[in-house]
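Welcome, and thanks for taking a look at this model with us. Please have the sequence and the structure open side by side as you read.

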Amino acid sequence: MNTGGRYASETRGGTLDPMTERARALAWPLFAVSGLLIVAFSLVSWGDSSQGLNSKISGVGRVSVPGAAPEDVAFLEANTQRPGLVTIVLGAVIAAVAAVGWWRRRLRPIALAVIGLAAVGAAVAAAIVVADPSGQLLDDAVTSTLDLAPGEQILQPGYGVIAVLVVAILVAVGVVFVSATAVLTSTRLTSTRRDRTPATPPG
C-alpha cells in the first residue's frame, strides 16, 4: 500500500481538504481588502438626520447640510467628533498586516493575532456609534444649541458606520476560521506522523 504519496501531499498542503486550504489562502488578500474597506467607509456618512439638522456627518467630522449657510456648516464641523479616525487607523493596520502575512507565511500567527485585535477594536468603535450616533458625533456645543435631552437622538446611524461594523465582524470571523483550521491541520499532521513512526521493537 503506497502511503508515501499521501503523506507527502498532506505535508505540502497542510490539510486533506483542498477547499479549506484554498479558503485559507484567499483569506489574506480578503483581509487586506477588508482593511481598506474599513478605511473607506470611515470617510463617508456615519450619521444621518432628516429632521432638525437635515445633515450627514462622516466618521471624520465632515458635515453636509443642503441649503445651510456656510457659517452654520463651519460651526457644525468645528463641533463634531471624529470617531472614524480610530477605525481608519485600525483598518490601515488590518490591511498592512494582512499584506505582510500574505507575503511571509512564517509571520502569519502573529499577523492573525494583530488582525483579530484590530477587527474587534473597529467593531467595538463602530458599535458604540451605532448605539448613540448623536452622542458620539456631536459635541456638547451642538447638543445644547439644539436643546437635546440626554440620550435624545437627532441622528440615525449612517451607512458608513454600519458597513464598518459588518466588515469588522466578518474579518474577526475570518480570523477565527483561519486560526481554527490551522490548529486542525497541525493536529492532523501530528497524528499522521505519529501513525507512520515505526514502533521500537521490544528488548
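## The nonpolar core

A nonpolar core is a set of buried Ala, Val, Leu, Ile, Met, Phe, Trp, Tyr and Cys residues joined through side-chain atoms within 4.5 Å. Please keep in mind that the model discussed here is predicted. Which residues touch the most other members of the largest nonpolar core? They are Phe31, Ile115 and Val171, in a core of 36 residues. Helices α2 (18–41), α3 (70–78), α4, α5 and α8 (159–196) are the elements that give two or more residues to this core. The largest share comes from α5, with nine residues.

## Overall layout

Stepping back to the whole protein, you will find eight helices and four strands. Along the sequence they follow the pattern α-α-β-β-β-α-α-α-α-α-β-α. The protein has 203 residues, and 39% of them are buried.

## Helices α4 and α5

Let's turn to two of the helices that feed the core. Helix α5 covers residues 108–131, which is 24 residues. From its first C-alpha to its last, α5 reaches 34 Å, close to the 34 Å expected at 1.5 Å a residue. Its buried residues are Arg108, Ala111, Leu112, Ile115, Gly116, Ala118, Ala119, Ala122, Ala123, Ala125, Ala126 and Val129. Ile115 thus appears both in this buried set and among the residues that touch the most other core members.

Helix α4 (84–103) has 20 residues and reaches 29 Å between its first and last C-alpha, close to the expected 28 Å. Here Gly84, Thr87, Leu90, Gly91, Ile94, Ala95, Val97, Ala98 and Gly101 are buried.

## Nonpolar residues at the surface

Which residues form a nonpolar patch on the surface? Val89, Val93, Ile110 and Val114 do, and together they have about 310 Å² of accessible area. Both α4 and α5 supply at least two residues of this patch, so these helices contribute to the patch as well as to the core. Val89 lies in α4. Because its relative accessible area is 52%, and exposed means over 50%, Val89 counts as exposed.

Leu26 is worth a look too. This residue lies in helix α2. Is Leu26 buried or exposed? It counts as exposed, at 52% relative accessibility. Leu26 and Trp102 are 76 residues apart in sequence, while their C-alpha atoms are 9.2 Å apart in space.

## The four-stranded sheet

Now for the strands. Four of them form an open sheet in the order β3-β2-β1-β4, with antiparallel pairing. Why is one side of β3 (63–64) and of β4 left without a neighbour in the sheet? These two strands stand at the edges and each has a single partner strand, so one side of each has no neighbour there.

Strand β1 (residues 45–48) is joined to strand β2 (residues 56–58) by three bridges, and the two run antiparallel. β1 also pairs with strand β4 (residues 156–157) in the antiparallel sense, over two bridges. Asp48 is a handy residue to follow here: its bridge partner in β2 is Lys56, and its bridge partner in β4 is Gln156.

Terms used
Residues are numbered from 1 along each chain as its sequence is written. This is a predicted model: local features need pLDDT of at least 70, side-chain atom pairs count only at pLDDT 80 or more; totals for chains, interfaces and linings use all residues. Side-chain values use heavy atoms; hydrogens and water are left out. The expected span of a helix is 1.5 Å times one less than its number of residues. Buried means under 20% relative accessible area, exposed over 50%, partly exposed in between (1.4 Å probe, protein chains only). Patches are made of residues with over 30% relative accessible area and no salt bridge: like charges are joined within 9 Å, nonpolar side chains (Val, Leu, Ile, Met, Phe, Trp, Tyr) within 5 Å. Accessible areas come from the Shrake-Rupley method with a 1.4 Å probe; for residues, only the protein chains shown count as cover. A salt bridge is a side-chain nitrogen of Lys or Arg within 4 Å of a carboxyl oxygen of Asp or Glu. Two strands pair if DSSP finds at least two bridges between them.
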